[in-house]
Amino acid sequence: MTDLEARIPPLRIEPREEDVLAIVLDRPDAKVNLIDEAWLHAMTAALDEIERARPAGIVLVSAKPGNFIAGADVSLIASLETPADAERRARQGQELLSRLEDLPVRKVAAIRGACLGGGLETALAFDWIVVADDDRTVLGLPEVRLGILPGFGGTWRLPKRTGILAGLPLVLTGRTLRPRQAEKLGLADRLASPELVERVAIAIAAGREKPKRRRPVRARMLDFLAGRTPPGRALLRNFTEKNVAKETGGHYPAPPRILERVLDGYGTPRGAAMAREAAAFGQLAVTPEAKNLLFLFTGNEELARHPWTGRPAPADATTVRAAVLGAGTMGGGIAGSLAGAGIQVRLRDVAVESLRVGLAGAAGPLNRRVQKRRMKPRDRDAVMERISPATDLTGLTNVDVVIEAVPEILELKQKVFREVEGIVRDDTILATNTSSIPIDAIAHGIEAKERLVGLHFFNPVHRMPLVEVIPGARTRDGVLEGAVGLVRRLKKSPLVVADRPGFLVNRLLLPYLNEAALAVQDGWPIPAVDGALLRFGMPMGPLRVLDEVGLDVAAKVSHVLEDAFGTRARPAPLMQRLLEAGALGTKAGRGFWVGTGRERTANTQDLGGLPAAPAPPDEEIVERLLSGMINEAARCLAEGVVRERDHLDLGTVLGAGFPPFRGGLARWALSLGEDEVRRRLDALAARYGERFAPFEGLGELFRNS
Amino acid sequence: MPTPVILGAVRTPMVRADDAFRKIPAKELARRVIRELLDGSGIAPAEVDEVILGNAGTPADAPNIGRVAALMAGVPESTPGLTVHRNCASGLEAIELAADKVAAGSARLVVAGGTESMSRIPMQLPPEANHWFMRWAKAKTLPARLAALRALKPREMMPRSAIVEGLTDPVCGLNMGRTAENLAREFGISREEQDRFALESHRRACAARESGRFGDEIAPVYVPPAYERVVTEDVGPRENQTMEALAKLRPVFERRDGTVTAGNSCQITDGAAAVLVASEEWAISHGFRPLARVRGHATVGLSPARMGLGPAMSIPVALDRAGVSFSEVSVFEINEAFAAQVLACGIALASDHFAREELGRSSCVGELDPERVNPNGGAIALGHPIGATGARLVVTLLAELVRRGGGLGVATLCVGGGQGSALVLERNA
């Protein structure tokens, strides 16, 4: 704690009219309010003062625009070391909020801006909650996403207010609510325009206004049946347990504990519920899963904030117009992503039909959201209206950034850049969405080398949070910063990686996918291989990933890696065989799997004549497929593909679907230990060949950093 | 005084109503052309001083559609937007108004055009229905509601087509088609002449479409929200149109003795078109070569029952104002509301009697050479999206003048309600 923070508390008490006191949340030198040591301390002092003053009412307001309370300080949670320590912390917060709840005055929380986690738990201890009806205000208990549960009474107070049927899913999924949804569920007692929130809250606190809190009889009856009657509870528990198991694959300890706490606490007195909640929090907070999720959460924030070039790269706010060249799957997705961030897009392709497909690709995810009523048709239209299709090279003179997304052919990419570099402004950033061609190779064929930068998006663009940002040897600093800022503007995670073949994600992914193909070649059953990795926690088995990516696309990347890294990256001959048979993957209706929907069967037709081996145990499959990946990750670290080990984790989780609860590839390797990884690699090398030979710098991966 | 010039021109395909553009509102059609004009020319939207659109259907959700479409197209909020309504000439009126604003020095760069979705012009309940619904809203008790229900007359709840209502003149009570029948009788134009004219319109439009000539003026429309379809060409011109097929059609407006049929009248169509109007000085200082100069324009009034003569009445006035003679004009784009009406205009312009009686001139204006009129077909083939057509004529005219390497051109329409409007453009060789 700095001197400044010690002097200026994160909240203060101010008088308002009519015998109402306001607790004003205003953390010094920060954009958001957080619950940390200083906050708990100041809140305790504030309660003392209120008890002395005995006003008619109090209101809780924030002085931060767009933020109420962002939640508890994550570093505080991360620093908890023992269950007892964590439990004690939770008790401390709970007692504070219980004391607040028991104050014999009218208490009103006036929420304007994001109110999350401990912030919402605080608001829940107030008698009334008034919520600003604007776009920046969201409410939720996202603790589950960090592998913990709300430990300041949230598991008890939220369902108490909204009823168990509405409250349970909120705590279980961590979903956030918009003001109108919050009102509908009874979480907000009253909505008000942002300018009036505080005044309305004061009117309630002064006793002049009393909002009606009236949930529909039907909802209250259902809540009673589901939450208070033994058969109802059993049914709800059973149903939810099944859903949780399906969603988490049993890998995440938090949801089952949350379910238990919410169900058992519902309708019980506060004291006992709080004690159990604190105990559960204590146990969850120190699990490896929680530590890993917390690490990824902070790491991701760091990724966005990290001063890559010695200066901070803020979210770009100046880009007004962009051009996307090439309207394929990637081009359409990128255009949609840009338009979604409020940027006007000129989408260029040579053919009208390609543009149509690109627009359809950009609109697809939006239409699905509209269908699920998560988006208003008008908002979808506003996004799509920003995309302006063209078959010629007009509309490029004003753009701030050009993103090239044409097929992965070096000469084509160079040609496209040569076409536009003379048309665009001389400060326009030229970005290439290449997945395997080095930036310097493209730069070689164009004039504006210092404005060229790689922006590697992943498919499908609207779902994949990672974008690799790749500076070439000649890329100017401002250009790299601009590219990082643009990625932030798209609300994605920018990972700056070196211009080495395959960059980071594909370089790590390919040995893993290739090894899966080699395993099939050895006769390992397809369902066993994919199943083992699904059970490991991957969102999709490796062979299914190959099918989705397309074997032709994967082959292209493989060859780039083979050219660069030689025999250890040689593509499995089986892939070539499938390619020749036209089994390109999902787009062809068959690859390793046959079918395009959810239910698929292993492809026996194109993969006949393979030796039949019994399905090995999961551990053996995981060892074979992931050990090479660890080995390659060590090489990436040594070559400086990434600047720090943490980036291996963030890259693999955000870009390659590595299970978040394992914290990423490097953290998982660390949990195995250097000796075990070496043992595995040695054994695999002896059995399958030199590609598994431990990299001489492997040890670096395990050094403390 | 600044000289108004036209810098860019673009239109959507003209698509007959209830077809591919069925679900696209007029504002979206307009957005597409405005955005394409700006992107295509490389003009920063902030440079635009005003957006003016013609529209006749007045969609309930976008009454000032000029403003709405401008904002949708990314024109800054600080740029004002206007909608003009002169029935069939609305799109032309927008361009004329823009040119006048530029000439007066009150704007340097204006986006002007027109848009119409005839598919989406609503069916309307009669005003009696309003009364009933208000009564229903006020009826709070059960007896009051029952009383209201008893007062409900099904006849008053019958929806009427706003298109049909809009195409009936409120002053003379005639449907537009009947005004065309009037002209056919007055000028002795036979059914066969009208059908032959219609056939030629289709032939020319099909030839233009086949040769790709329209490609220069059309911005393809990608059909939202799923983008399963893209429309690149006009949907309306019929390649297999024959005299026999046209002859089989029954007159629509006068069942017994009429000559005006669906085949020799304009089609009901969706579409939008727009141009960039700027001062010549602005254009040159920003490095643009104008497509054409606006030389002059005129709008005149006449008897609503003979509204189809609007072009014949307005062309001479516009040419006088532009200071050019009739014989110098190389291309006329005359809106084909009805074949009878265009043919009547030709006869009227060539008639000394008409000139003396109606125009106050000593001799006729001139012979209208059919080869110089609508060389790429007209509304009988391409359709007539009311508020957009005037701008569509200008876009097509400009493309034709560019192809011919320059010359004088006139875009003109007859206007329901008894008006005529004509605009004179000149492209230097």
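The following exchange goes through how several features of this predicted model are assigned.

User: How do you know which residue, chain and level of confidence a statement refers to?

Analyst: Residues are numbered from 1 along each chain as its sequence is written, and chains are lettered from A, with ligands numbered from 1, in the order in which they are written. The model is predicted, local features need pLDDT of at least 70 and side-chain atom pairs count only at pLDDT 80 or more, while totals for chains, interfaces and linings use all residues.

User: Why is Pro365(A) called partly exposed?

Analyst: A residue is buried if 20 or more other C-beta atoms, placed from the backbone, lie within 10 Å of its own, exposed if 12 or fewer do, and partly exposed in between. Pro365(A) has 19 C-beta neighbours inside 10 Å and therefore counts as partly exposed. The residue belongs to helix 16 (residues 352-371) of chain A, where helices are DSSP runs of H or I with at least four residues and strands are runs of E with at least two, both numbered from the N terminus. Leaving aside residues up to four places away in sequence, Pro365(A) touches Gly336(A) and His462(A), contact being defined as C-beta atoms, placed from the backbone, within 7 Å.

User: What makes Arg373(A) and Asn374(B) notable in their backbone, and is each of them buried or exposed?

Analyst: Most residues other than glycine have a negative phi. Arg373(A), which is not a glycine, has a positive phi of about 60°, and Asn374(B), also not a glycine, has a positive phi of about 45°. Arg373(A) lies in the loop between helix 16 and helix 17 (377-384) of chain A, and counts as exposed because it has 7 C-beta neighbours inside 10 Å. Asn374(B) lies in the loop between helix 13 (352-359) and helix 14 (379-382) of chain B, and is buried because 28 other C-beta atoms lie within 10 Å.

User: What is the omega of the peptide bond from Asn459(A) to Pro460(A), and of the one that joins Pro224(B) and Pro225(B)?

Analyst: The bond from Asn459(A) to Pro460(A) is cis, with omega near -5°, and Pro460(A) sits in the loop between strand 16 (452-457) and strand 17 (466-471) of chain A. The bond that joins Pro224(B) and Pro225(B) is cis as well, with omega about 0°, and Pro225(B) is placed in the loop between strand 8 (221-222) and strand 9 (230-231) of chain B.

User: How do you know that strand 1 of chain B pairs with strand 10 and with strand 11 of chain B?

Analyst: Two strands pair if DSSP finds at least two bridges between them. Strand 1 (residues 4-11) of chain B has 7 bridges to strand 10 (residues 269-279) of chain B, in the antiparallel sense, and 2 bridges to strand 11 (residues 292-301) of chain B, again antiparallel. Val5(B) stands opposite Ala278(B) in strand 10, and its bridge partner in strand 11 is Arg293(B). Strand 1 of chain B is mostly covered, with 8 of its 8 residues buried.

User: What makes strand 1 and strand 10 of chain A edge strands?

Analyst: The open sheet of 6 strands in chain A has the order 1-2-3-5-7-10, with mixed pairing. Strand 1 (11-16) and strand 10 (190-192) each pair on one side only. Strand 1 runs antiparallel to strand 2 (residues 20-25) of chain A, joined by 6 bridges, and Leu11(A) has Leu25(A) as its bridge partner in strand 2.

User: Why is the contact of helix 6 with helix 7 of chain A described as having no charged residues?

Analyst: Asp, Glu, Lys and Arg count as charged, Ala, Val, Leu, Ile, Met, Phe, Trp, Tyr, Cys and Pro as nonpolar, and the others, Gly among them, as polar. Gly154(A), Thr155(A), Leu158(A), Pro159(A) and Thr162(A) in helix 6 meet Ile164(A), Ala166(A), Gly167(A), Leu168(A), Leu170(A) and Val171(A) in helix 7. By class, this contact has 7 nonpolar, 4 polar and no charged residues.

Terms used:
Two residues are in contact if their C-beta atoms, placed from the backbone, lie within 7 Å.
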